[in-house]
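Trainee: I'd like to learn how to read a model like this one, feature by feature. Could you walk me through it?

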Amino acid sequence: MMLLFLTLALQSASPPPGEEPVAPYVQSDRNAGAAAFEDRTMWRAFHGEQGVARIVDNMVERNIADPRISDIFKGQDLIRLRRTLKEQFCYILAGGCRYSGRDMRAAHADMGLQTADMAALVENLQAAMRDEGVGFAAQNRLLAKLAPMRRDIVKVRGTTAADPR
Ligand code: HEM
């Protein structure tokens with residue numbers, strides 16, 4: 001109990017440079033939402049740390065320039081988003097990172113994300129992986145890890161006029 005308290009206190013004390021503070025949460029690799037691959041094959045297919053950094057930066061750039069979803073990213077902490085996404089991908093791709101971000105349900109709560117938003121983001125990720133020269137089979141293996149996260153991320157099925165955004 002004391003340890004939990006201390007962990008929460010430390011996490012809320014000082015966010016990394018350039019990032020906004022977030023509400024306290026318990027850090028765990030389980031928050032990444034998928035188990036890591038078992039060997040380094042995928043890490044190599046994604047060209048390691050530099051490759052993953054390029055892919056995440058490219059995907060985030062595409063998201064904020066994409067008229068279908070750009071509004072969702074306005075006013076968000078993109079420095080934290082890039083950092084935690086790189087950690088998440090590195091963890092899942094067996095690059096040896098720890099994931100320090102929130103779980104997918106908490107990270108996307110109250111955004112009212114729809115199936116179409118998820119499809120747009122996946123498309124942008126595919127384009128970023130293609131730009132990096134990641135092989136098609138490796139791309140699909142990562143996407144298969146991300147696909148089940150949809151149930152924690154998408155809250156509104158289909159596109160309706162009741163979209164709260
Ligand atoms: C499998 C798909 C997705 C993954 C793996 C993913 C991953 C992440 C991660 C790691 C974070 C940061 C967690 C943290 O700050 O602790 C995050 C936050 C965020 N995500 Fe996603 N995400 C996905 C889908 C989406 C979609 C479809 C959208 C919108 C089109 C979206 C928009 C955002 C935004 C705006 C934030 C920042 C929230 C904040 O700072 O409060 N994400 N996501």
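Trainee: In what order do the elements of the protein run from the N terminus on?

Mentor: The order is α-α-α-α-α-α-α-α-α. Counted up, that gives nine helices and zero strands. Keep in mind as we go that this is a predicted model.

Trainee: What share of the residues of the protein count as buried?

Mentor: Of its 165 residues, 23% count as buried. Sequence separation is another thing to look at: among contacts between residues at least 6 apart in sequence, 77% join residues at least 24 apart.

Trainee: Now to helix packing. What describes two packed helices?

Mentor: Two values do the job: the angle between the axes and the distance between them. Take helix α3, residues 48–65, and α5 as our case: they pack at about 135°, and their axes are 9 Å apart. Because of that angle, α3 is oblique to α5. As for handedness, the crossing of these two helices is right-handed.

Trainee: Which residues of α3 and α5 meet?

Mentor: From α3 come E49, V52, A53, V56, D57 and V60, and they meet L78, L81, R82, L85, K86, F89 and C90 of α5. Sorted by class, the residues of this contact are nine nonpolar, no polar and four charged.

Trainee: On to the ligand, then. How many residues surround the ligand, and which are the closest?

Mentor: There are 21 around the ligand, and the closest are G101, R102, A107, D117 and L146.

Trainee: Which helices each supply at least two residues of the shell around the ligand?

Mentor: Look at α4 (70–73), α5 (78–92) and α7 (115–132). The helix that gives the most is α5, with five residues. So you meet α5 twice in our tour: in the shell around the ligand, and packed with α3.

Trainee: How does the shell around the ligand divide by class?

Mentor: It holds twelve nonpolar residues, five polar ones and four charged ones.

Trainee: Let's finish with a single residue. Where is G135 found, and is G135 buried or exposed?

Mentor: G135 is found in the loop between α7 and α8, the latter being residues 136–146. To judge burial, count neighbors: G135 has 11 other C-beta atoms within 10 Å, so G135 is exposed, given that 12 or fewer is the cut-off for that label.

Trainee: How far apart are G135 and F46 in sequence and in space?

Mentor: They are 89 residues apart in sequence, while their C-alpha atoms are 8.5 Å apart in space.

Conventions:
Residues are numbered from 1 along each chain as its sequence is written. This is a predicted model: local features need pLDDT of at least 70, side-chain atom pairs count only at pLDDT 80 or more; totals for chains, interfaces and linings use all residues. A residue is near a molecule or strand if its C-beta atom, placed from the backbone, lies within 6 Å of it. Helices (H or I, at least four residues) and strands (E, at least two) are DSSP runs, numbered from the N terminus. Ala, Val, Leu, Ile, Met, Phe, Trp, Tyr, Cys and Pro count as nonpolar, Asp, Glu, Lys and Arg as charged, and the others, Gly among them, as polar. Axes are lines fitted to C-alpha atoms, for helices over the stretch in contact, and angles run from 0 to 180 degrees between N-to-C directions. Angles under 35 degrees count as roughly parallel, over 145 as roughly antiparallel, 65 to 115 as roughly perpendicular and the rest as oblique. A crossing is left-handed if the near helix is turned anticlockwise from the far one by less than a right angle, and right-handed if clockwise. Two residues are in contact if their C-beta atoms, placed from the backbone, lie within 7 Å. A residue is buried if 20 or more other C-beta atoms lie within 10 Å of its own, exposed if 12 or fewer, and partly exposed in between; C-beta atoms are placed from the backbone.
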